[in-house]
Every structure is written in structure tokens, then in C-alpha cells.
Amino acid sequence: MEVSGVGLPGEAPWKKMSAEELEHQYLPSRWVVRLGAEEALRTYSQTGIEATGRAQATWKSLLHVPYGDGEGERVDIYFPNKAAEGALPFFLFFHGGYWQSGSKDQSAFMADPLAAQGVAVVIVGYNIAPKGTLDQMVDQVTRSIAFVQKRYPSNEGIYLCGHSAGAHLAAMMLLADWTKHGVTPNLKGFFLVSGVFDLEPMVYTSQNVALQLTLEDARRNSPQLKVAQAQPAHPSCPVLVVVGQFDSPEFHRQSWEFYQILCQGGWKASFEKLRDVDHFEIIETLTQKDSVLTQIILKTIFQQF
Ligand SMILES: Nc1ccccc1C(=O)C[C@H](N)C(=O)O
């Protein structure tokens, strides 16, 4: 006998959720325990704005550097105090905000602690919805990476880090086809922080009002599905999938299942659940040189594992 509301074995758990529950699972600010939702979002923005101001006051920077002709196609680059501008590891960051909020101008969370250790930090701007579509964002991110490789061909590695929606964009780069960009970036590591890798549930949340994803768009842009179908392009490149203790169960499931599919596909993946942090604190901790995530990133870049 079929029990209503209970899915088939192996069926994604979100398919059994009510619309309200699904909405709740995919609103990260509702899962913040230390603050109210509004205050958590305010603190996150404030922390990003302050870190960006500090980075611009401290480090040599190139701001609003175009990587394409489109209006939003700009990066900010923060350099450590070194003469050799190009022979450095480059850390590229893709901000979160559900592909419809946030900007590079308030996302240089990690610039200070990474530049202090000799890493060039690139904060990537892309056209958020409704101006940009998800396909355009993926293309912009691809071009931003090709741009960095072309401009700094003697780089000591390009590391990609994304938060939330930005982790999705970074994960899409595991599968990027670089041939049409005329360059193969020297990708050395991926840090996927509190990401969404299967976009199908997003189609049924209020986030899709601005995104306007069809089921087909969502599937075409789901690294969870793509990784399962492809050979690893960079089998020796470390891919860290990390989620916050106070992220919602759906965010935990998304990260865990993506990590598992990476392992099955032959990627050098690892998984971390960071204690005591929510969806926003996880990235706010990158302003501190001693935080667990900052240290993991630095150890990966400098191969101290
Ligand atoms: N501003 C963000 C920045 C980074 C990551 C998520 C958000 C969100 O606002 C998500 C959603 N609108 C929420 O209220 O949780």
C-alpha cells in the first residue's frame, strides 16, 4: 500500500517536503542560531564591507579590472607585498547571495589574511539575476578564470573558492571546457563553502522568482549531475567541500552528496563540517588568520598537509 507523502527509496528527501518546509530549508538566514535572520544578513554584509575597506587600505590593489566587455565583468585584485607580481598563488573568490544579491565590492573577506601570507586574492564580479541568467554567470566565471591565467601566466596555482551560490559557480568549473578560451588555467584547488550543487529544489522555492530557472536550466547547471557523467579533468587537484554546523539539513545533504559523487568519480575530494558556524559565519571567519577554514586554505595552498 502506498503511504501518501512518503517517497520511493532513494528518492531525494526534499521531494517529500511541503512547500513551506522546502522554502525554510533553502533560506540560510533562518537557520542562524546566534542572531535573528535580518541581523545575520546585516552582520554578514557589514563584515564584508569592512574587510574590503581594510584590504583596499592595506594591500596594493587593482580595482574594477575588466575581464570582458560586459558591465559587471570586473575583478578586484589584492597583491601581497612582493616584487614579483605574477609568480604567486592566486585565490579567486565567488561571492554568495543566491545568484541575486551580493557583489565583489563587499566580498574581500579573506584578502587580508591571505595576502599577508603571500597569496594574490581576486574577488570576482558577475551579473546577478535578474540582470544575469545562471548560464551567463557560469560563462562569466569561466572567463574570469581564463583572464587571470592569461594575465598572470607565471602564477603558482589558481585556487577557486565560492560561498553558497558562489560555491555552485566554482563547482561548475570542475567541468569547464577551456578549449574555446584558448588557455588552460593552472587550477590547483577548489574550496566549496556551504554550496548548492543540485539546483532542482531551487526551482520550487521563492528564489526562483528572480532566477526563473526551468527544470532544464537547473539540471544543465547542476554539478551534482554533471560530475556523475564526466571523467575528472583534474584528478590530482584537491576539492574541499565544507559546510557549517548550523547550515540547514538540506545544505548538509547537498554538500555531503556532492562530496560522495566527487569521490566516486575519482576526484581528490575531502569533506569538513565546521563546528560552531552558520551559513554566514563560515565565510566571516575568513577575515581571521587563525580560523579553521583560513588555516585549511593556507595549508592547501602551501602544501603543508
Ligand atoms: N545574502 C546572502 C549572502 C550569502 C549567502 C546567502 C544570502 C541570502 O540572503 C540567502 C537568503 N536570501 C537568506 O535569507 O538566507
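Student: Why does Phe 94 count as buried or exposed, whichever it is?

Tutor: Happy to start there, and remember that this is a predicted model. Phe 94 has 32 C-beta neighbours inside 10 Å. The cut-off for a buried residue is 20 or more, so Phe 94 counts as buried. Phe 94 sits in strand β3, residues 90–94.

Student: What is Phe 94 in contact with, leaving aside its neighbours within four places in sequence?

Tutor: Its contacts are Val 124, Val 141, Gly 162, Gly 166, Leu 169 and Ala 170. Take Val 141: Phe 94 and Val 141 are 47 residues apart in sequence, yet their C-alpha atoms are 8.1 Å apart in space. Val 141 is also one of the buried residues of helix α4.

Student: How do you know that the length of helix α2 agrees with what a helix should span?

Tutor: Helix α2 covers residues 37–58, which is 22 residues. At 1.5 Å a residue it should span 32 Å, and its end C-alpha atoms are 32 Å apart, so the two agree. Helix α4 can be checked likewise: it has 18 residues and reaches 26 Å from its first C-alpha to its last, close to the 26 Å expected.

Student: Which residues of α2 are buried, and what makes them line one face?

Tutor: They are Ala 40, Tyr 44, Gly 48, Ala 51, Thr 52 and Ala 55. Looking down the axis of α2, these buried residues fall within an arc of 105°, so they line one face of the helix. The face turned away from that side carries the exposed residues Glu 38, Glu 39, Gln 46 and Ala 57. Among the elements covering the buried residues of α2 are β2 (74–79), α3 (111–115) and α10 (281–284).

Student: Why is Gly 48 put in the buried group?

Tutor: Gly 48 has 24 C-beta neighbours inside 10 Å; set against the cut-off of 20 or more, that makes Gly 48 buried. Not counting residues up to four places away in sequence, Gly 48 touches Gln 106, Ser 107 and Phe 109. The C-alpha atoms of Gly 48 and Ser 103 are separated by 9.8 Å, although the two are 55 residues apart along the chain.

Student: What makes the phi of Ser 164 worth a comment?

Tutor: Most residues other than glycine have a negative phi. Ser 164 is not a glycine, and its phi is near 60°, a positive value. Ser 164 is in the loop between β5 (158–163) and α5 (165–172), and it is one of the residues around the ligand.

Student: And Gln 212, which also has a positive phi: is Gln 212 buried or exposed, and how do you know?

Tutor: The phi of Gln 212 is about 55°, and the residue is found in the loop between α6 (208–211) and α7 (215–220). Gln 212 has 12 C-beta neighbours inside 10 Å, and 12 or fewer means exposed, so Gln 212 counts as exposed. Ser 164, with 26 such neighbours, counts as buried.

Student: Why is the peptide bond from Ala 129 to Pro 130 called cis or trans, and which is it?

Tutor: That bond is cis, with omega near 5°. Most peptide bonds are trans. Pro 130 is in the loop between β4 (120–124) and α4.

Student: How does the shell around the ligand divide into nonpolar, polar and charged residues?

Tutor: There are five nonpolar residues, six polar and no charged. Tyr 44 belongs to this shell, and Tyr 44 is also among the buried residues of α2.

Technical notes. Residues numbered from 1 in each chain as written. Predicted model: local features only at pLDDT ≥ 70, side-chain atom pairs only at ≥ 80, totals over all residues. Helix = DSSP H or I, 4+ residues; strand = E, 2+ residues; numbered from the N terminus. Expected span 1.5 Å × (residues − 1). Arc of directions from axis to C-beta. Contact = placed C-beta atoms within 7 Å. Near = placed C-beta within 6 Å. Nonpolar A, V, L, I, M, F, W, Y, C, P; charged D, E, K, R; others polar.
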